[in-house]
Amino acid sequence: MQHKDVLSQLQLSLAILVAIFGVSEGLDNGLALKPPMGWMSWERYRCNIDCETYPDECISENLFRRAADLLVSEGFKNVGYEYVIVDDCWLDKERDVNGDLQPDPKRFPSGIKSLADYIHSKGLKFGLYEDYGTKTCEGYPGVIGHMQQDAAKFAEWGVDYVKLDGCNADPKTYDHGYPEFGRYLRETNRPMVYSCSWPAYQEDEQRMPNYTAIAEHCNLWRNYGDIQDSYYSLVNIMDHFGDNQHIYIPSAGPGHWNDPDMLIIGNFALSYEQSKLQMAIWAILAAPLIMSNNLEYLAPDMKAVLQNRDVIAVNQDELGIQGRRLFRKQNIQIWSRPVMPMNQNYYSYAIAFVSRRSDGIPFPINCTLSDLGLYNPGGYMIRDLYNDQAKEYRVVGSDVIKVRVVPTGVAFLKATVIS
């Protein structure tokens with residue numbers, strides 16, 4: 001970018017970055033050591049329970065069996081997507097005579113254990129939704145009053161991943177309620193990833209969540225409201241995570257992740273370039289990669305974005321360091337994340353150049369290594385993660401990195417440290 005004001009701002013951001021990389025200790029259940037990857041029903045299918053009118057789109061065992069089939073047949077399992085997660089509206093409106101949760105008998109006639117067994121038979125893992133409340137967000141039975149019983153039932157059914165929402169409960173009770181349910185999950189001795197909505201509801205109530213405690217009890221957690229199928233919703237979440245990164249980053253790491261919500265790539269709203277943008281920023285944020293889309297009718301270019309192995313490798317980087325927004329000016333943003341490989345004290349970096357501009361032409365960005373806070377004396381090899389045809393090149397010292405970013409799109413590079 002080669003502007004002095006930009007340089008000083010970036011150097012200040014990098015100083016803050018170094019100061020906060022001592023992340024907190026998190027939940028030690030041996031799970032979610034990398035951000036979970038999979039597919040979830042909510043954003044695309046919501047609470048559609050009309051199986052007569054919409055037999056292929058309603059919340060039913062058939063929907064999740066087909067999702068499991070497609071994760072395998074369309075190559076998603078091969079690149080790391082492994083969870084099939086049932087969201088709200090799977091339940092019957094009442095518990096059974098023993099007080100146990102039960103699925104809707106018309107839409108899940110084979111039962112939840114049978115569905116879990118089918119998903120496991122595909123080499124995948126099974127996730128299930130509940131709510132820390134008297135009822136779920138859509139009015140089905142919640143776990144309050146039955147927490148130990150429900151945790152035991154999840155284990156009996158073969159659940160691998162539990163998403164616990166937070167409707168219809170007092171946010172003041174979350175600080176003991178979410179840990180209590182997590183304890184019951186652990187006491188079953190079945191490994192179950194624990195996804196919490198704990199901080200999202202507290203932030204809505206303008207209560208400051210205790211992220212140290214949240215990381216001690218949850219494998220991942222929602223920080224903000226639901227993503228909607230729109231570019232506006234996507235960038236609103238990006239802005240929230242950038243504005244609050246000084247709070248969020250210290251709590252993230254292997255086994256405990258901030259969750260900006262589902263990937264909406266392949267649905268109705270995002271263009272191809274905007275889809276690449278979401279995938280790149282979720283990789284920078286070390287976010288769970290949980291798709292919510294129609295896998296059967298996914299366009300080839302969207303499928304390619306979701307299965308980009310280079311971008312997935314950034315997301316799944318073993319260091320587990322959440323990246324951050326370094327710079328924003330003139331509707332241009334730069335985001336950066338330290339990744340492997342390392343050379344002594346120098347990281348490699350994934351760098352996303354984001355355009356929020358709408359002027360209709362690609363915007364040129366020129367910057368040096370020092371502009372980006374990269375100081376390895378041997379320099380870096382630069383590679384475009386979205387363009388296999390682009391040649392890799394070396395930059396050292398004052399060499400200039402040149403990119404052009406299309407409106408509402410991203411240029412996503414990896415700078416690999418040279419020994």
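What follows is a conversation about a predicted model and the terms used to describe its two domains.

Reader: What makes up the two domains of this protein, and where do their bounds come from?
Author: Domain 1 covers residues 37-322 and domain 2 covers residues 325-417, and these bounds come from an automatic or database domain assignment. The C-alpha centres of the two domains lie 31 Å apart, while the contact takes 30 residues from domain 1 and 26 residues from domain 2.

Reader: How do you know how much area domain 1 and domain 2 bury between them?
Author: Buried area is the accessible area that two parts lose on being put together, summed over both, and for domain 1 and domain 2 this comes to about 2,400 Å², with 59% of it on carbon and sulfur atoms.

Reader: Why is the pair Asp239 and Arg356 called a salt bridge?
Author: The term asks for a side-chain nitrogen of Lys or Arg within 4 Å of a carboxyl oxygen of Asp or Glu. In Asp239 and Arg356 the closest N and O atoms are 2.9 Å apart, so the pair meets the cut-off and is counted as a salt bridge. Between domain 1 and domain 2 the count is four salt bridges, and across their interface 13 residue pairs are in polar contact, both residues being at pLDDT 80 or more.

Reader: Which elements give two or more residues to the side of domain 1 that touches domain 2?
Author: They are helix H9 (231-243), helix H11 (272-284) and helix H13 (309-315), and H11 supplies the largest share of that side, nine residues. By class, the side of domain 1 that touches domain 2 has 16 nonpolar, seven polar and seven charged residues.

Reader: What does UniProt place at residues 320-409?
Author: The unreviewed UniProt entry places there the feature "domain: Alpha galactosidase A C-terminal". In the model this span is 0% helix and 53% strand, and its end C-alpha atoms lie 25 Å apart.

Reader: What makes the peptide bond from Met340 to Pro341 cis?
Author: The bond from Met340 to Pro341 is described as cis, with omega near 0 degrees, and Pro341 has its place in strand S10 (residues 332-343).

Reader: What is said of the phi of Asn168, and where is Asn168 found?
Author: Asn168 has a positive phi of about 55 degrees although it is not a glycine, and Asn168 is found in the loop between strand S4 (161-165) and helix H6 (174-187).

Reader: Why are Leu31, Val159 and Asp160 said to be in contact with Pro191?
Author: Contact means heavy atoms within 4.5 Å, and Leu31, Val159 and Asp160 are therefore listed for Pro191, once its neighbours within four places in sequence are left aside. Pro191 itself is found in the loop between H6 and strand S5 (193-196).

Definitions and conventions
Residues are numbered from 1 along each chain as its sequence is written. This is a predicted model: local features need pLDDT of at least 70, side-chain atom pairs count only at pLDDT 80 or more; totals for chains, interfaces and linings use all residues. Side-chain values use heavy atoms; hydrogens and water are left out. Buried area is the accessible area (1.4 Å probe) that two parts lose on being put together, summed over both. A polar contact is a pair of N or O atoms within 3.5 Å; within protein, one must be able to donate a hydrogen and the other to accept it, and residues adjacent in sequence count only if both atoms are side-chain atoms. Helices (H or I, at least four residues) and strands (E, at least two) are DSSP runs, numbered from the N terminus. Ala, Val, Leu, Ile, Met, Phe, Trp, Tyr, Cys and Pro count as nonpolar, Asp, Glu, Lys and Arg as charged, and the others, Gly among them, as polar. UniProt positions are given in the numbering used here, feature names are shortened, and annotations may be inferred rather than shown by experiment.
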